[in-house]
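User: Hey, got a minute to go through this model with me?

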Amino acid sequence: MQHQQTIRRLRRLRQTETVRNLFKETTLTLNDLILPIFVEEEINDYQPIASMPGIFRIPEHKLPYEIERIAKAGLKSVMLFGISHHLDEIGSDTWQEKGLVARMSKACKDTVPEMLIMSDTCFCEYTSHGHCGVLGRNGVDNDATLLNLGRQAVTAANAGADFIAPSAAMDGQVSAIRDALDKAGFTATGIMSYSTKFASTLYGPFREAAGSCLIGDRKSYQMDPMNRHEAIRESLIDEQEGADVLMIKPAGAYLDIIRDIRERTQLPLAAYQVSGEFAQIKFAAKAGAINEIDVALETLGAIKRAGANLILSYFALDLAEKKHL
């Protein structure tokens, strides 16, 4: 007598929304999100960014208002990017006691002390050539840039930044910054390193947002997007140098890298859903091809499912204010 084959009924765990929520393996909350913001000095009004619909450069004098708004929406952390009007060959405004980097962190902390302030630590928005450090005969001078990264980090920490987030892609930057912070007495200030940062074409809209004057590219110091093993090495080296948090940038096209690094470290892991990823969703939704919020939530959920603990996303404020999370 033949036995009837038992059907494996996985649909039992999908029948209703209550059941689906109970058995959901990956959840996304506002606590997982960090909002990147652009702050421009010496302007009077918000400047829309055409390639990033709904995102603006914030006038510096409006920063306290925006931080209050962000906190009220329920977000706990921001990543600060400054658009400077005081450029020079080395980005020296970044380590001035009253420069834009310091003023941004201080304004945020004075307004909402409990907000976690992450200071993007680089020079591309502060140099007249648009590169991420000191230019030498053969491109960016790695070791000369390390000294200046330490100076910028100490200035940001002194102004109230909770985390220094080096994105310059210099070899040894985490070690140099940790040493500078510790010597200045900022032993409690964390480092969230852009530990695996690819030379991605998805950064295009960010260049507009940050007012980049870059001629050429950054392929000599940012990573080749086709290199998987090197991507892992980059993050593990930053862990050895003392990073408190590692980051992969971009995120959506690099879920395999997020998973690779997640399996090799116990450190918290962040991923940056970059401007090009944001713009693709925005413009596809505008064309009626997709539902913006549904796709935003799905892509963010996928980044977290791949292994990220934290996600930097330009969708964060909209999702928070409209109670989608």
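Here is a short chat about a surface patch and some helix packing.

Analyst: Sure. This is a predicted model, so to speak with care: local features need pLDDT of at least 70, side-chain atom pairs count only at pLDDT 80 or more, and totals for chains, interfaces and linings use all residues. Residues are numbered from 1 along each chain as its sequence is written, and side-chain values use heavy atoms, with hydrogens and water left out.

User: Which residues form the nonpolar patch on the surface?

Analyst: Leu 13, Leu 22 and Phe 23, with about 320 Å² of accessible area together.

User: And where is Phe 23 found?

Analyst: Phe 23 sits in the loop between helix 1 (17-22) and strand 1 (33-40). Its relative accessible area is 44%, so Phe 23 is partly exposed (buried is under 20%, exposed over 50%, partly exposed in between, with a 1.4 Å probe and protein chains only).

User: New topic: how do helix 3 and helix 4 cross?

Analyst: The axes of helix 3 (residues 100-111) and helix 4 (residues 142-159) come within 8 Å and cross at roughly 25°. They are therefore roughly parallel to each other (under 35 degrees; over 145 is roughly antiparallel, 65 to 115 roughly perpendicular, the rest oblique).

User: What about helix 2 and helix 3?

Analyst: Helix 2 (residues 63-73) packs against helix 3 at about 50°, axes 9 Å apart, so helix 2 and helix 3 are oblique to each other.

User: Last one: how far apart in space are Gly 204 and Lys 304?

Analyst: 24 Å, C-alpha to C-alpha, and 100 residues apart in sequence.

Technical notes
Patch = residues over 30% accessible without salt bridge, like charges linked within 9 Å, V, L, I, M, F, W, Y side chains within 5 Å. Areas by Shrake-Rupley, 256 points an atom, 1.4 Å probe, with all protein chains shown as cover. Salt bridge = Lys/Arg side-chain N within 4 Å of Asp/Glu carboxyl O. Helix = DSSP H or I, 4+ residues; strand = E, 2+ residues; numbered from the N terminus. Axes fitted to C-alpha atoms, helices over the stretch in contact; angles between N-to-C directions.
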